[in-house]
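Work through the exercises below with the model in view. Try each task before reading its solution.

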Amino acid sequence: MFDFLDLDRYDLFGAFWTTVQLTVYSAIGSLIWGTVLAAMRVSPVPIMRAFGTAYVNLLRNTPLTLVIVACSQGLYFTMGQTLGGEGTEGIAFRLAVLGFIVYTSTFVCEALRSGINTVPVGQAEAARALGLNFSQVLGLVVLPQAFRSVVPPLANVLIALTKNTTVAATIGVAEAALLMRDMIEREAQLIPIAAVFAFGFIVLTLPTGLFLGWVSKRVAVKR
Amino acid sequence: MSKAASVLYDAPGPRAKRRNILISVVFVLVLAGIAYWILSALNDKNQLDAAKWDPFVTDSRVWTTYLLPGLQETLTAAGLSLVIALPLGAILGIGRMSDHWWIRRPADVIVEFFRAIPVLILMIFANQAYAEWSNIDREIRPMYAVITGLVLYNASVLAEIVRAGVLSLPRGQTDAAHAIGMRKGQTMVHVLLPQAVTAMLPAIVSQLVVIVKDTALGGALLGYGELISNTRLVAGNYSNTIAAYTVAAAIFIAVNFLLTYFAGWLEARIRQGRRGTGAVLSHDLAEETQAGGAGIPAPTLDKGAGLPGGDGGPAGDGPAGGGPAGGGPSNAPGGGGGPGGGGRDGGA
């Protein structure tokens, strides 16, 4: 039944490895850029808040497919930007990661901001009343509580990102969805092939969800 | 922006105000520098030439042949998907709340399965399945595939919304229904569901935003003639890639912005309503961040009218009103308790 799994012809593990790589690089990038955006959105400087709000609202109302395709068509084919990648495959990979970062960082930003908003104002007021200065209030009182409550939404973002990496197939990155399309077109084994790929994604997302769910329960702030 | 004191900083005094102005100036300069760099790069490649942008104003065929039909396809697919997914989602959601394990378990498995798999994989599968086992015409097969993929995925997301909607109702509703002798089914159909529908409306409308965005997947890989694949044609015909995608993005942003705004307006209206229990699901509950997989505790729900300060009204803050985790402390993630905190596999 699974004789279509000719691993010499179809690089199944390689495709899923590309999916994992896409996820990891994009996750790191969007965590950094999303944190910067969140810092802007909660900063006391109105113009920074405005920029952060505009960026988040524009990007998260744009389809990810459009972001990725525009990265490929606009940034590479029109502008000739290769992002330091080499070969079609390497360039497409980097462009995809850039697109994922640009898009996913908006959700990271919103998750972080909601985490900060769950800290009651009274916590900061009490800290100031004790005479702690700004960095102490932030570092000792507010952020430790915010980080803990931010685990579940961030975990959701990570899982959504893992699934979203399939969009990279639209610009020819050899990840799982593209391989699946190739395989079902060549082999007359639709159900088993689909089952293999479904299983692959469940293996990727389910343990992440269970683990981070466990972490979030452990670190939850009891209020 | 006269806002209540933030948890992060006090109302600025004279020194802080001076510093803020300085930071503002530096920030604007940096932004202007980046904008100049991008524009000059575009200019070097002649992407700012009037000839590339003119067709969108002067040539009506761009709109009548490509963009508007594309937008229509996008909205049709999104609308049909939502309409088909709603009843399926309601059945699955009610199934997950059943007292009988042989209804609950299968519903759990179906919902978790389809939420763990990327929509694109579902679409590719559906496309091939229709090709092999049905005689749907080649021309419209991609549309069937896109809608099938979206329905399978969104039915399971909507199942969670339905469940959260029913659970957001005050417990007294169930108790009262039982007290006057209603059976479980009657309680659900006559008491809980009608109220839950109101509570779910904002979340359903904002799920429509996610669906609209996901229709774009079908264009790129299956050849469905929706807005983005038509944009590609425009870009090819007029060789104005940057301009074409900018216009397409603007259309998507406008449509989704309107939907989100509508969802926020609905939420505020239901929250303040005199009728009903005032129970409502935050429209952010359906955001993409919530569409993850198993294992993440669901955010507990806002109860009633008391949205505790914090996030500003949904209408005031535009689409971003409220974080992904929703409003105030009652939404504090990670509780695991509370009505929506659900069992081992919450994750709204």
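**Exercise 1: Chain B alone**

Chain B has 11 helices and zero strands. Helices (H or I, at least four residues) and strands (E, at least two) are DSSP runs, numbered from the N terminus. This is a predicted model: local features need pLDDT of at least 70, side-chain atom pairs count only at pLDDT 80 or more, and totals for chains, interfaces and linings use all residues. Residues are numbered from 1 along each chain as its sequence is written, and chains are lettered from A and ligands numbered from 1 in the order in which they are written.

Task: find what percentage of chain B counts as buried.

Solution. Apply the cut-off: a residue is buried if 20 or more other C-beta atoms, placed from the backbone, lie within 10 Å of its own. Of the 348 residues of chain B, 49% pass.

**Exercise 2: Where the chains meet**

Task: find which helix of chain B gives the largest share of the side that touches chain A.

Solution. Step one: count. Chain B gives 68 residues and chain A gives 74; contact means C-beta atoms, placed from the backbone, within 7 Å. Step two: list the elements of chain B that give two or more residues; among them are helix 1 (14-44) and helix 11 (241-272). Step three: pick the largest share. Helix 11 of chain B gives nine residues.

**Exercise 3: Two helices of chain A**

Task: decide whether helix 8 and helix 9 of chain A are roughly parallel or roughly antiparallel.

Solution. Helix 8 (residues 176-186) and helix 9 (residues 190-219) of chain A have axes that come within 10 Å and cross at roughly 170°. Axes are lines fitted to C-alpha atoms over the stretch in contact, with angles from 0 to 180 degrees between N-to-C directions. Angles over 145 degrees count as roughly antiparallel, under 35 as roughly parallel. Therefore helix 8 of chain A is roughly antiparallel to helix 9 of chain A.

How values were computed:
Angles under 35 degrees count as roughly parallel, over 145 as roughly antiparallel, 65 to 115 as roughly perpendicular and the rest as oblique. Two residues are in contact if their C-beta atoms, placed from the backbone, lie within 7 Å. A residue is buried if 20 or more other C-beta atoms lie within 10 Å of its own, exposed if 12 or fewer, and partly exposed in between; C-beta atoms are placed from the backbone.
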